[in-house]
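Thanks for coming. Please have the sequence and the 3D view open while I talk.

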Amino acid sequence: MASFGKLQGAITSFTNENTAALVNVNLDFSLFRCETKPEYLSVGPALTVQRREEAETGQIHRTACTLGFLFQEMLPDTPSLFKAYGRRVSEILAQPNINPRGTPDDGPFQSFVGADCTSIWAAATSSDASIAIHLLACMLARAFDSKTATSIWFEIVQERKEQVRRLIKDNKMIHPHTHLASQQVISRGDLATWDTSARAWLRRADESKAWEKSQFALIIENVNLPFTAAGTTYAKVTATWVRSMEVLNSLLDNLPQQANDRAILLAISSWHLHPNLLVFQSKATNVDMKDRLFPPSAILSLGLEYQLQKEGANVRWSLALSHLRYYGAPVPVRSNEDLSRVSITQFWFVALGSLLRTWNLQASELLDAINWLDSLNKLISPAANGQYPEVSWIIAFCNAASNFLKSGQINTNLGLQLVKFGWRRGRCLFGEVPGTHTPYFGLRNPYILKALQEDDPINKGIIYLRAVASGTELRKTITLLSFTWRILDDIYHEWATVKPACQNRKATNERWIYFENGTELLSDHISFLTERRSLIQSTGEECYIISSSDDIPYSLSDLPDSPVLWPNPPQDLDPKVGVDYIIMRVPVKLELHFLTKLTESQGYSIRVKQDAQTESLKAEFYRGLTAVESLPKSLEAIGNPRIVAPVLRFLRNITVRPVITHSSLRKRKRSNTGVVDGRFTINNLNHNHAVDALMIHHGRPSRSWLQSVTVLQIATLVYDQLPGATVSLLTVELELYKALWLPEKFKEVYEADDKTYDSSLSEISAVDWFQSMSKACLKSLALRIYACFFLFFPALENRPK
């Protein structure tokens with residue numbers, strides 16, 4: 001027996017040594033071809049001439065052969081899987097919309113039209129093992145981005161080569177093809193090309209199997225299965241790969257299986273082979289995926305064992321990747337199986353989720369917010385009709401909400417997934433913005449809704465501040481509201497009570513109006529004050545004209561927050577006759593001097609008696625600004641066609657600040673004698689949106705946020721010209737306003753001074769930017785073609801005329 005053992009060891013040593021010597025030559029794997037399986041015969045003719053040549057004799061064929069031979073000895077025998085996958089590929093390629101044929105009309109892009117199944121044909125003409133390699137490429141492309149997937153390929157290839165070298169060193173039996181493949185050079189560029197082809201195929205196949213993809217995604221969203229493979233990156237990847245192939249092959253052989261590893265679900269999604277499912281949760285649910293390649297009784301059971309996971313943590317494939325970087329310690333990476341590609345319409349659902357996050361909404365409130373935006377869309381879109389560039393971004397979000405609700409049940413569920421994805425992951429999509437925006441654009445604030453129903457612009461502001469103050473501790477003290485504005489060379493004032501004074505027997509609010517001109521009132525002043533008093537009294541409010549300069553309130557200093565002394569105050573405010581009334585300003589930012597660039601404070605102020613605690617009242621006031629009306633009442637309010645114009649004006653000021661000038665308060669009209677007559681009026685304030693600015697300037701989005709939304713609008717116009725084009729959901733990790741393809745003029749607008757910025761947003765829409773960019777691109781392309789033409793035909797440039 002000892003002699004026989006020595007003889008057997010000598011034979012083994014002789015075999016390995018001679019095998020190593022025989023294969024120690026550098027063969028060109030691009031020359032190797034095998035007989036193609038019948039299921040894959042339709043793939044070759046479906047390719048363009050250039051792609052087919054590359055798949056049969058080019059570098060990608062060499063890569064398919066080399067990788068197939070390198071890994072062939074560790075792969076299971078799965079003939080049913082290979083046949084079914086070939087049938088599925090052929091079925092997808094038979095669809096004209098998935099694999100259109102290039103025509104001369106496509107110009108230089110004719111050879112690139114159609115589905116890119118180069119890696120499939122390269123594998124089919126190489127070996128069964130190469131088909132398995134393609135299946136792994138699809139799994140990695142589904143789970144990771146291109147850079148990470150290429151690094152994983154590089155790592156497992158190097159590890160497999162090292163494994164083969166150890167086996168040979170230990171005198172283990174190795175197939176000559178495997179040994180030869182281990183000596184080949186496979187560059188990162190080759191692996192990147194291999195990954196790119198598989199990634200391109202996934203996009204086409206996903207488009208073909210959109211219903212199955214959506215249905216399967218909805219099912220596995222709530223199925224909590226982990227990736228169970230342990231060990232190194234090489235061990236995890238290969239174990240996941242092999243196990244997935246074995247389970248799918250068994251199902252195709254009519255052997256029901258149980259999935260205890262999330263890798264099975266990743267394989268189903270990547271290979272577009274969908275067996276019937278039996279999902280165990282609160283109850284057992286049988287899901288018919290309608291895939292004719294599987295026998296009806298071949299059922300995959302999910303959820304028989306519940307694996308506890310941390311709240312909010314997605315189950316992902318976690319690998320320690322040594323070759324993601326060329327230097328340094330291994331880098332941990334996790335799969336992005338929940339990240340895929342979506343249409344531009346679906347990407348707006350993600351953007352919608354990002355917006356709702358800035359409103360600080362909870363996940364349970366998302367559907368209510370989407371329904372509210374749809375109602376707002378029905379109110380403002382017909383009236384806007386492209387005439388309000390400043391609110392186009394708001395209408396874009398409203399359209400996204402309407403498109404969401406118009407989807408079918410499956411698409412709505414998928415849309416909700418995307419909204420939640422944007423809500424969770426899209427915090428930086430529109431730029432890093434600290435804090436939150438005013439929820440619902442301020443249109444669920446009951447005080448704003450009440451004010452928008454008022455026509456008179458000054459009354460609108462008074463009504464708004466009264467409503468805010470009445471809901472706070474301000475109602476417990478004597479509080480006055482003041483409105484100040486310069487009209488020509490005069491300063492006009494209105495003072496109003498927040499609530500009826502205790503001494504007021506009529507129990508109505510009161511208002512006092514006057515001009516601070518330091519001279520005797522002219523007839524124009526008296527006429528204006530009289531008309532103004534009549535208008536105020538028509539609302540049921542008492543109004544008094546202060547005509548004596550001795551009774552006019554005045555500031556005790558030139559400082560903006562200076563106390564105001566009111567000599568001989570009305571008895572309703574202070575019954576002590578002959579005692580001056582000192583009023584302090586509550587330090588709330590309501591004045592409009594920051595908008596008008598004027599030295600004096602104009603606009604609205606809140607005033608209380610000198611002994612009041614103004615800081616605590618300030619905090620109370622700001623709490624009142626965050627009040628939220630119930631959803632049904634808000635929907636009822638924005639459903640009223642009467643407030644369309646006020647709402648549009650209000651929303652416009654979320655984007656741009658009002659242009660306020662002294663001349664805007666004066667309306668000139670020509671008399672019968674041809675002499676221009678000056679007439680005081682306040683109504684023109686309504687056209688300059690000063691009152692709306694009062695209500696929204698606390699929650700106006702930043703420039704970078706608005707710029708990012710405009711970038712998405714421009715991108716939407718680009719994608720509208722490219723039917724079938726998709727967007728990577730990895731975009732949520734980027735800041736759109738930093739896009740490198742934006743023209744310099746676009747960036748200059750958002751870096752300009754306030755005046756240029758506001759006027760640009762009022763005059764230039766996303767459509768205008770898109771058209772100007774398109775013209776610039778066509779001009780650049782024409783110049784390039786002109787230069788190339790004379791580069792190749794220089795003689796034509798100087799030909800005789």
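When I say helix or strand, I mean a DSSP run: at least four residues for a helix and at least two for a strand, numbered from the N terminus. By that rule the protein chain has 31 helices and 18 strands. Keep in mind that this is a predicted model.

Two overall values first. The chain has 801 residues, and 51% of them count as buried. If we take contacts between residues at least 6 apart in sequence, 75% of these join residues at least 24 apart.

Now to one small sheet. In what order do the strands of the open four-stranded sheet stand? The order is β1-β4-β2-β3, and the pairing is mixed. The edges are β1, residues 257-258, and β3; each has a single partner strand, so one side of each is left without a neighbour in the sheet.

As background, strands in a sheet pair through backbone hydrogen bonds, either parallel or antiparallel. Both kinds occur here. β1 pairs with β4, residues 299-302, in the parallel sense over two bridges. Within that pair, Q258 stands opposite S301 of β4. At the other edge, β2 (residues 276-280) and β3 (residues 284-287) run antiparallel and are joined by four bridges. L277 has V287 in β3 as its bridge partner. The connection from β2 to β3 is a hairpin through three residues.

Just ahead of β2 there is a loop, which begins after α13 (262-271) and contains H272. H272 is not a glycine, yet its phi is positive, near 60 degrees. Is H272 buried or exposed? Its relative accessibility is 2%, so H272 counts as buried.

Compare N360, in the loop between α14 (344-358) and α15. N360 is not a glycine either, and its phi is positive at about 65 degrees. N360, however, is exposed, with a relative accessible area of 54%.

That brings us to α15 itself. Does its length come out as expected, or not? Helix α15 covers residues 366-384, which is 19 residues, and at 1.5 Å a residue it should span 27 Å; the C-alpha atoms at its ends are 26 Å apart, so the two values agree. Still, α15 bends by about 30 degrees at N377. Several of its residues are buried, among them W372, L373, D374, L376 and N377. After α15 comes N385, with a positive phi near 50 degrees.

Some of those buried residues have a neighbour in another helix. C398 lies in α16, residues 392-406. C398 is buried, with a relative accessible area of 0%. Leaving out residues up to four places away in sequence, C398 touches L373, L376 and N377. The C-alpha atoms of C398 and D374 are 5.7 Å apart, although the two positions lie 24 residues apart along the chain count.

Next, charges. In general, side chains of opposite charge can pair when their charged atoms come close. How many salt bridges does a search of the whole structure find? It finds 20.

One of them joins D206 and R142, at 2.7 Å from N to O. D206 is in α10 (residues 188-208) and R142 is in α7 (residues 128-143), so this pair ties together parts 64 residues apart in sequence. Both D206 and R142 are buried.

Another salt bridge stays within α10. R199 pairs with D195, and their closest N and O atoms are 3.0 Å apart. Four residues apart in that helix means R199 and D195 are separated by about one helical turn. D195 is buried, at 0% relative accessible area.

A further salt bridge is between R511 and E541, at 3.0 Å from N to O. R511 lies in β10 (residues 510-516), while E541 is in the loop between α20 (523-537) and β11 (542-545), so the pair links parts 30 residues apart in sequence. R511 and E541 are both buried. Through shared partners, salt bridges join D456, R466, E494, R511, R532 and E541 into one network.

Last, a charged residue without such a partner. R160 is found in α8, residues 146-169. R160 is buried but has no salt bridge. Which side chain of opposite charge is nearest to R160, and how far away is it? It is E73, at 4.5 Å, and a salt bridge here needs the nitrogen within 4 Å of the carboxyl oxygen. Setting aside residues up to four places away in sequence, R160 touches L70, F71, E73, M74, T178 and Y234.

Definitions and conventions:
Residues numbered from 1 in each chain as written. Predicted model: local features only at pLDDT ≥ 70, side-chain atom pairs only at ≥ 80, totals over all residues. Heavy atoms only, no water. Buried < 20%, exposed > 50% of the residue type's maximum accessible area, 1.4 Å probe, protein only. Lys, Arg positive; Asp, Glu negative; His and termini not counted. Contact = heavy atoms within 4.5 Å. Expected span 1.5 Å × (residues − 1). Bend = angle between axes of the 7 residues up to and from the residue. Pairing = 2+ DSSP bridges.
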